[in-house]
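Me: I would like to learn how to read a few features of a protein model. Could we take them one at a time?

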Amino acid sequence: GEVSATPEPNESEYLSPVSIGGQTLNLDFDTGSADLWVFSTSLSSSSIGQHAAFDPSKSSTWEDYPGASWQIMYGDGSGASGTVGFDVVEVGGATASRQAVEIATKVSSSFVSDVNNDGLLGLGFSKINTIEPQPQKTFFESVLPKLDQPVFTADLEDDAAGTYEFGRVDTTKYTGMLHVTPVDSSNGFWEFASTAYSIGGTTYQNSGASTAIADTGTSLLLVDDNVAQAFYAQVQGSQLSRTAGGYVYPCSAQVPDFGVQIGSSGFIATIPGSDITFAEVGQGTCFGGVQGNGGGGIQIFGDVLLKQYFAVFNGGNESFGIAAK
Ligand SMILES: O=C(NNC1=NCCC1)c1ccc(Br)cc1
C-alpha cells in the first residue's frame, strides 16, 4: 500500500505524526541516521517539558528487549541514549508490526528545547543503527517488503507542510524528469558522487570532497570548505564568523544562485540566491544556508537544498533521485 505523512515545518525540521502502540508522537524524519527513538516517561519531567512522551506501560503491544541499549551522537553535536523494545509503528498507512523502538532515558539540551519534536525516525541504512548488542531495522526496512514499490519520497516545503510518502512515487508532485543516481550505502547513508558545483550559473569542478549524502535531518547545505569559500567570495561583505559558527553577510547583499551536482550524471541541482539565507543573526547580518562541512570528505545536502526539489529514495535498487517541482 502507499502512505503519506504530512510533516509540519518547524524552523529547521520536518515533523510527521507517528503512531507507536496507539500513542501518537511527532517525529523528525531523518535520512541521515537509522535510529527510531522517542521521548519517554523514563525521562526526567524537566526533560519531558511540553514534549509528548511514549509510555511503554500503556501499550498493550509493547515487548521489552532485555539488556539492549542505544546511544547516538548527531553531526550537530546533539545526542540521546536509552533502552529498547518492540511495538507496532504506523506512519500514514504503512504498519511495521514489530518495529524496534528506542526509549530515551537521556536526551541532549537541544532536543529538550525543540518542543515540536518528540524524537527521530531514522531513514538511513540499519548498518548505522546504534542498538547494542544487535542493530535493528529501520521503519522503512521493516515495511519495505510490503510496499507496492520499495521507495519513499520526501517533498519538503518552505514554511508549508511537506510530505513523506512510502510505497509509491506520486508523479503529479514533480515536473520534468527525475534525475537518478546510484547510492553507495556502505557508510549507512544515501550517499552519491558529487564532484561539481555552480555559482551564478557557471559550473566548476570540486577538487575537494567527492561525495554527498541526502540528509533530511540536517537543515543546512554543508559543502566542501573550498566550495563554500568560493561561493562567499562572490557575496559582498561576507565573512566567516566564529561567533556565528559560519559564513555571515549583510542581509542586503546580492546572493548568487548556487548549485551542486547530483551523481556523476551531470545534473546540477540549483538553489536560487534568494533562498540561501538561513537566518537573521541581528544587526542586519544574515547567516547563510550554504556552509562548509569542516573538512570531512562527505558533503551533507540538507533541507536548504532538498526543499527545492521532489526527492525519491529507492531502497530496491539503492538509488536517489530528484526532480523540479
Ligand atoms: O547527524 C546527521 N544527520 N541527522 C541529524 N542531524 C541533526 C539531527 C539529526 C549526520 C549525518 C551524516 C553526516 Br556525514 C553528518 C551528520
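Reply: Start with the aromatic rings, bearing in mind that this model is predicted.

Me: How many aromatic pairs does a search of the whole structure find?

Reply: Two rings pair if their centres lie within 6.5 Å. By that test the whole structure holds 26 aromatic pairs. One aromatic cluster is formed by F29, F125, F139, F140, F152, Y164, F166, W190, F192, F301, F313 and F320.

Me: Which residue lies over the face of F86?

Reply: For an arginine, the distance runs from CZ to the ring centre. Here R98 lies over the face of F86, 3.9 Å from the ring centre.

Me: Which residues are around the ligand?

Reply: A residue belongs there if one of its heavy atoms lies within 4 Å of the ligand. The list is D30, G32, Y74, G75, D76, L120, F189, I213, D215, G217, T218 and I300. By class, this shell has five nonpolar, four polar and three charged residues.

Me: Where are the polar contacts to nitrogen atoms of the ligand?

Reply: The cut-off for such a contact is 3.5 Å between N or O atoms. D30 places a polar side-chain atom 2.9 Å from a ligand nitrogen, and D215 does so at 2.7 Å. G217 uses a backbone N or O atom, at 3.4 Å from a nitrogen atom of the ligand. The ligand taken alone exposes 420 Å², and the protein buries 85% of that.

Me: Is D28 buried or exposed?

Reply: Buried means under 20% relative accessible area. D28, in strand 4 (residues 23-30), is buried because its relative accessible area is 5%.

How values were computed: Residues numbered from 1 in each chain as written. Predicted model: local features only at pLDDT ≥ 70, side-chain atom pairs only at ≥ 80, totals over all residues. Heavy atoms only, no water. Polar contact = N/O pair within 3.5 Å; in protein donor to acceptor, adjacent residues only side chain to side chain. Areas by Shrake-Rupley, 256 points an atom, 1.4 Å probe, with all protein chains shown as cover. Nonpolar A, V, L, I, M, F, W, Y, C, P; charged D, E, K, R; others polar. Phe/Tyr/Trp six-rings, centres within 6.5 Å; stacked < 30°, edge-to-face > 60°. Lys NZ or Arg CZ within 6 Å of the ring centre and 35° of its normal. Helix = DSSP H or I, 4+ residues; strand = E, 2+ residues; numbered from the N terminus. Buried < 20%, exposed > 50% of the residue type's maximum accessible area, 1.4 Å probe, protein only.
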